[in-house]
Amino acid sequence: MTGKILISACLMGLPVRYDGKPKTLLHAAVARWREEGRLVSLCPELAGGFAVPRPPAEIAGAMDGGDVLDGVAQVVEPTGRDVSDGFIEGARRALAVAQENGCRHALLIDGSPSCGSGFLYDGSFSGRRHEGEGVTAALLRRHGIAVYSDREVDRLVAVLAAEDAAP
Ligand code: SF4
C-alpha cells in the first residue's frame with residue numbers, strides 16, 4: 001500500500017464549511033481508504049484560524065491561489081475584508097501535515113478558495129466561476145503533492161492502483 005491521502009475535512013463529513021455544513025463524499029473507495037487508515041483529514045481554513053460559521057470568501061479579481069501566495073491577489077469576504085493571511089497560514093499548515101504524514105496525493109473539494117483545484121468563484125460573490133486553484137491546492141502542488149478534486153476519485157483510484165502494483 002502506498003502512502004496516505006490528505007483529504008478536505010468537509011468531504012469526510014465534518015461540519016466545517018463556512019456555513020457550518022459538511023459536504024460528505026460518498027464513494028466506495030473513500031470508505032475503503034478510511035477503513036485502511038489511509039486518510040489524513042484537515043480543514044485548511046480552520047487550521048488558518050477561522051471559525052465555524054464564518055463569512056464566505058473568494059479570491060478577488062478572478063485570480064487564483066498561486067497569485068495569493070505570490071502576494072498579487074487577495075482572498076476577501078463580501079465586505080471586502082482581506083483575509084489572505086489566514087488562508088496562507090492554513091495552506092502552510094496543510095502542507096506541513098501532508099509532509100509529516102508522507103502524503104503524495106490530496107483529495108480536495110473543488111470550488112473553494114482554499115481547496116479548489118479545478119475551478120473557483122471570481123470574487124464577485126455572484127456565483128460566476130473560472131478555472132483556477134485555491135491557496136492550499138496551489139501550495140501543495142508547488143511542493144509536488146498531486147491534488148485531485150472530489151469529481152476525480154476514480155482517477156485517484158487508478159493512480160494509486162498503479163503505484164500499489166509497482167515493484
Ligand atoms: S477549507 Fe477546505 S476542508 Fe475546510 S471547509 Fe473549506 S473546502 Fe472544506
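**Exercise 1. Check the length of α4 (84–100).**

Solution. Start with the rule: at 1.5 Å a residue, the 17 residues of α4 should span 24 Å. The expected span is 1.5 Å times one less than the number of residues. Now compare: the end C-alpha atoms of α4 are 24 Å apart, which agrees. Helices here are DSSP runs of H or I with at least four residues, strands are E runs of at least two, and both are numbered from the N terminus. Just after α4, Gly102 takes a positive phi of about 70°.

The model is predicted: local features need pLDDT of at least 70, side-chain atom pairs count only at pLDDT 80 or more, and totals for chains, interfaces and linings use all residues. Residues are numbered from 1 along each chain as its sequence is written, and side-chain values use heavy atoms, without hydrogens and water.

**Exercise 2. Find what the buried residues of α4 pack against.**

Solution. Take the cut-offs: buried means under 20% relative accessible area, exposed over 50%, partly exposed in between (1.4 Å probe, protein chains only). The buried residues of α4 include Phe87, Ile88 and Leu95. Contact means heavy atoms within 4.5 Å. By contact, the partners of these buried residues are β1, β2, α2, α3 (65–69), β4 (75–76) and α5.

**Exercise 3. Which element gives the most to the largest nonpolar core?**

Solution. A nonpolar core is a set of buried Ala, Val, Leu, Ile, Met, Phe, Trp, Tyr and Cys residues joined through side-chain atoms within 4.5 Å. The largest one has 46 residues. Among those with the most contacts inside it are Leu6, Trp33 and Leu140. Elements giving two or more residues include β1 (5–8), α1 (28–35) and α6 (153–165). α4 gives the most, with six residues.

**Exercise 4. Describe the lining of the largest pocket.**

Solution. A pocket is an open set of points on a 1 Å grid over the protein atoms alone, where a 1.4 Å probe fits, with protein on both sides within 12 Å along at least five of seven lines; lining residues have an atom within 4 Å of a point. The lining has 35 residues, and Arg17, Tyr18, Gly111, Ser112 and Pro113 lie nearest the centre. By class, 21 are nonpolar, four polar and ten charged. β6 gives the most, with three residues.

**Exercise 5. Is Gly111 buried or exposed?**

Solution. Gly111 sits in the loop between β5 and β6. Gly111 counts as buried because its relative accessibility is 9%. Beyond its neighbours within four places in sequence, Gly111 is in contact with Gly116, Phe119, Leu120 and Tyr121.

Key
Ala, Val, Leu, Ile, Met, Phe, Trp, Tyr, Cys and Pro count as nonpolar, Asp, Glu, Lys and Arg as charged, and the others, Gly among them, as polar.
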